[in-house]
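Me: I should like to work through this model in questions and answers. Please reason briefly each time and close on the value or name requested.

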Amino acid sequence: MRIRSAESIRMRPWSVTAPGPRPRPLWLQQALDRDPGTAAPTLDAVVSADVCIVGGGFTGLWTAVRLLEADPSLSVVVVEADICGSGASGRNSGGVGHYWTKLGMLARVLGREDALRLIESSVRAAPQVIELCDRYGVDAQPRVGRSVWAATTRSQVDSWASILRTADALGVRTPYRPLQDEELREMYGPAPYLAGVVQDGQTGVQPGYLVRGLRRVALDLGARIFEQSPVVSIDSMSDQVAVLTERGQVNADQVVLGANAWMAHLPDFRRHVMVLSSDCVATDPIPELVVERGLDRRPPGINSRLMVNYGGVSRDKRIYLGRAGGTVARDARITPEFDRSTRNARQMEADFRYLYPQLPEVRLTTWWSGAVDRSVSGLPWFGRMRHDPRIHFGIGFTGHGVAATVTGGDILASHVLGRDDEWADLGRLLARVHESSSTFPPEPARYLGGRVVQGALYRKETAERDGRRVRRVDAALARLAPGTFVELRAGSGSTP
Ligand SMILES: Cc1cc2nc3c(=O)[nH]c(=O)nc-3n(C[C@H](O)[C@H](O)[C@H](O)COP(=O)(O)OP(=O)(O)OC[C@H]3O[C@@H](n4cnc5c(N)ncnc54)[C@H](O)[C@@H]3O)c2cc1C
């Protein structure tokens, strides 16, 4: 029986895509081609669970795995609108980053010791990914190596300087080492890499393999997963929480919301999270050209634009290139452009030609986009919904959820299990950062302002790339862009 209560969370009608089959991003498609996995049913009945998790991305699946590892007797249900991994988790560039770029802000808000504790926890995410892959036989193609944070126009040079200065003042060593000119030439040849810092020991994964592997591990540990089952509402009853899908219902003692950008419209989050796209383009595999043109010497990495470019060479020897912040969502509505934006891909072709002058004849043959839940601080936070402490959430991963969802799974598991441990403590630190952050403007000012600022930023960075003069008005408006993508993405160079 469906009983409505006054306290209800309304998810938006699930319509993410244009007519026809939803386009799958490259990394997820590769994972599905390698192993589609055990089919998961649609939820069309009333079932009970100790914990119901909404969303089958990294957040939901890491949480399911950590809960079942901690207590195999728990009954855990995951309800996913499409298929597991169809959101950001199956379409990112797989960089398992860290919070070093947040050192200054974290030290200001938390103090030196707690800032370093949080950064250290983010650094531990990469070994945790590798440990999970080893323990459960998940082949997510982890690669550990160098990653570069570079300047590809003159205005980007020294973007990392303030972090290095803060680290000096605090007496700590960051993982960054400035690159010498010869090293840059050796790595990038004729490409316009003017300066940069390099870090060793950076982990990258093929994200589609990781998220589908987590799905398999969750199933093996006993989770029940329902796919093609969009949640419509979540009703707080006196004894349980009712998670309603179009054709079924999960009655659970506790709920975990892991629906990323698709829950950014909820009142608890709407002033704290802005939905932006991140867009990717890729070539076909070009193994001979990669060697012939010296691209195998080029580590994955990012540049220092605000609409940051990230990319590298994939394991199957494609060149892939991403760019953050191409589309701004109006009132957190996720339109088909967040699956695949040909407009953004066209813009990025010019970036590709600029950053890969060695490959003038190579075509970009695939492109996709994804929704990013950009928080004000650039860090996620984990908590309980204001109206019902039985409903937990993790949101605000911005551009670096591959690592943050690993820690997030542990934090959310501790919240659900009522444990007061190191993970709950990290959750409290992130909550302090969140509470100290400002908010985004309300709609429609946020969308309209966001479009104006984003347009100016695009024109400014395009002019810089093309060696043209930046219009004063664009430079002034671009300064209003929230925070920087650079600091969010600097740990995220990767190699799917
Ligand atoms: C193009 C791109 C590149 C990126 N690159 C990097 C990177 O290199 N490194 C990095 O650290 N981070 C990167 N990120 C960010 C990272 O991918 C995300 O932070 C992370 O995947 C978030 O995981 P999640 O589980 O919270 O969200 P998602 O993977 O989006 O999962 C949310 C799930 O909820 C489901 N859902 C939504 N609504 C409902 C509903 N009503 N009912 C049921 N289910 C629902 C969705 O279908 C989806 O599967 C990138 C993101 C993008 C888009």
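Me: Which side chain makes a polar contact with the side chain of Q199?
Reply: In this predicted model, Q199 belongs to strand β7, residues 195-204. Its relative accessible area is 1%, so Q199 is buried. The polar contact, at 3.3 Å, is made with the side chain of Q202.

Me: How far from R323 is the nearest side chain of opposite charge?
Reply: R323 sits in strand β15, residues 319-328, and is buried without a salt bridge. A salt bridge requires the nitrogen and the carboxyl oxygen to be within 4 Å. The nearest side chain of opposite charge belongs to D351, at a distance of 4.6 Å.

Me: With which side chain does R323 share a polar contact of 2.9 Å?
Reply: Beyond four places in sequence, R323 touches several residues, including R305, N344, D351 and Y458. Q347 is also one of the residues touched. The polar contact of 2.9 Å joins the side chain of R323 to that of Q347.

Me: How many residues of helix α3 are buried?
Reply: Helix α3 spans residues 103-110 and is mostly covered. Among its buried residues are L103, M105 and L110, and the buried residues pack against α4 (112-123), α6 (161-170) and α12 (422-436). After α3 comes G111, with a positive phi near 90 degrees. The count of buried residues in α3 is 6 of 8.

Me: How many disulfides does a search of the whole structure find?
Reply: C84 counts as buried because its relative accessibility is 0%. The closest cysteine sulfur to that of C84 is in C52, 12 Å away, which is too far for a bond. For the whole structure, the search finds a total of 0.

Me: What is the distance between the polar side-chain atom of S93 and an oxygen atom of the ligand?
Reply: The ligand is surrounded by 40 residues, and the closest are T59, E80, S89, S93 and V231. Backbone atoms also approach ligand oxygen atoms: a polar one of F58 at 3.0 Å, and an N or O atom of G401 at 3.2 Å. For the polar side-chain atom of S93, the distance is 2.8 Å.

Me: How many residues apart in sequence are the parts that D410 and R66 tie together?
Reply: Among the 39 salt bridges of the structure is the one between D410 and R66, whose closest N and O atoms are 3.3 Å apart. D410 lies in helix α11 (residues 401-417) and R66 in helix α2 (residues 58-70), so the pair links parts whose separation in sequence is 344 residues. Both D410 and R66 are buried. The separation asked for is 344 residues.

Me: Which helix holds both R117 and D114?
Reply: R117 and D114 form a salt bridge, with their closest N and O atoms 2.9 Å apart. R117 counts as partly exposed because its relative accessibility is 35%. The two residues are 3 apart and therefore separated by about one helical turn, within helix α4.

Me: Which residue forms a salt bridge with R270?
Reply: The closest N and O atoms of this salt bridge are 2.7 Å apart. R270 lies in the loop between β11 (249-257) and β12 (273-283), and its partner in the loop between β15 and α10 (342-355), so parts 61 residues apart in sequence are tied together. R270 is partly exposed at 33%, and its partner is partly exposed at 21%. That partner is D331.

Methods
Residues numbered from 1 in each chain as written. Predicted model: local features only at pLDDT ≥ 70, side-chain atom pairs only at ≥ 80, totals over all residues. Heavy atoms only, no water. Buried < 20%, exposed > 50% of the residue type's maximum accessible area, 1.4 Å probe, protein only. Helix = DSSP H or I, 4+ residues; strand = E, 2+ residues; numbered from the N terminus. Contact = heavy atoms within 4.5 Å. Lys, Arg positive; Asp, Glu negative; His and termini not counted. Polar contact = N/O pair within 3.5 Å; in protein donor to acceptor, adjacent residues only side chain to side chain. Disulfide = S-S within 2.5 Å. Near = heavy atom within 4 Å.
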